[in-house]
Amino acid sequence: MIDLLSLHKQFILTHVKEGDICADFTMGNGYDTEFLARTVGMSGKVYAFDIQPAAVESTKRRLAEVGCPENYTLICDSHHNAAKYIDCKIKGGMFNLGWLPGGDKSITTMRETTMPAIETAISLLDSDGVLTVAVYPGHPEGDAEGKMIEEYLSGLSRFKLCVTKIKIVNSPTSPYFFLIETK
Ligand SMILES: C[S@@+](CC[C@H](N)C(=O)[O-])C[C@H]1O[C@@H](n2cnc3c(N)ncnc32)[C@H](O)[C@@H]1O
């Protein structure tokens with residue numbers, strides 16, 4: 001069976017190489033930050049964002065424990081402010097929406113900041129770049145978030161971007177993801 005959340009990493013790997021600059025827009029416990037940091041190596045750079053100090057601390061501790069290359073900057077701020085910290089184009093970015101695994105479920109990504117964050121991420125994306133957005137429709141805000149993102153992405157020019165939705169059609173509440181690729 002396909003593990004959708006592993007699959008989105010395969011798409012990242014088709015665009016992102018050693019030396020590239022990337023962003024993890026929802027740091028959480030830092031698993032995606034680690035994946036990006038190892039992919040770009042010491043000649044690359046990863047910016048990671050989370051609004052929760054607990055997530056930043058958890059990531060900081062874990063990345064040190066697993067010997068991750070020290071090529072990352074962990075930022076305790078909302079992802080919709082990403083352009084304040086990133087002053088160059090990025091080759092790849094990951095959004096893994098929802099709440100911090102093992103943390104406070106009342107603190108989840110919300111449409112009003114997720115939408116401007118995705119717009120900002122697209123504006124930062126280099127040519128031949130990629131963004132993945134994992135959505136969790138099993139809770140009301142996640143479901144609403146996914147619908148709003150899809151409506152927005154559906155209206156973007158196909159001459160600039162290719163947007164794909166990857167979803168298990170016979171399991172409506174399972175996570176799915178959007179893949180946004182620049183030409
Ligand atoms: C599903 S978790 C991410 C998992 C993470 N990518 C990993 O590898 O462990 C979602 C995270 O998004 C964070 N988040 C919620 N709102 C945010 C915002 N406005 N900006 C940045 N992060 C946010 C939550 O605090 C939570 O840690």
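Which residue stands opposite Thr73 in E3? In this predicted model, that place is taken by Tyr47. The pair offers a handy way into the sheet, since E2 and E3 run alongside each other as partners in the parallel sense, joined over five bridges.

Stepping back from this pair, the sheet as a whole is open and has seven strands. Read across, their order is E3-E2-E1-E4-E5-E7-E6, and the pairing is mixed. Strands of a sheet pair through backbone hydrogen bonds, in either a parallel or an antiparallel way. Strand E3 (72–76) and strand E6 (161–166) are found at the edges; each has a single partner strand, so one side of each is left without a neighbour in the sheet. On average, neighbouring strands of this sheet are turned by 10° against each other, with direction ignored.

Helices lie across these strands. Helix H3, covering residues 53–65, crosses E2 and E3 and runs at about 160° to E3. Helix H4, made up of residues 111–124, lies across strand E1 (21–24), strand E4 (90–96), strand E5 (125–135) and strand E7 (176–182). Its direction is at about 155° to E5.

Attention can now turn to the ligand, which is surrounded by 21 residues. The closest of them are Thr26, Gly28, Tyr31, Ser78 and Leu100. Two elements, helix H2 (31–40) and strand E2 (45–50), each give two or more residues to the shell around the ligand. Strand E2 thus appears in both settings, as a contributor to this shell and as the parallel partner of E3. Sorted by class, the shell holds eight nonpolar, eleven polar and two charged residues.

Notes
Residues numbered from 1 in each chain as written. Predicted model: local features only at pLDDT ≥ 70, side-chain atom pairs only at ≥ 80, totals over all residues. Near = placed C-beta within 6 Å. Helix = DSSP H or I, 4+ residues; strand = E, 2+ residues; numbered from the N terminus. Nonpolar A, V, L, I, M, F, W, Y, C, P; charged D, E, K, R; others polar. Pairing = 2+ DSSP bridges. Axes fitted to C-alpha atoms, helices over the stretch in contact; angles between N-to-C directions. Contact = placed C-beta atoms within 7 Å.
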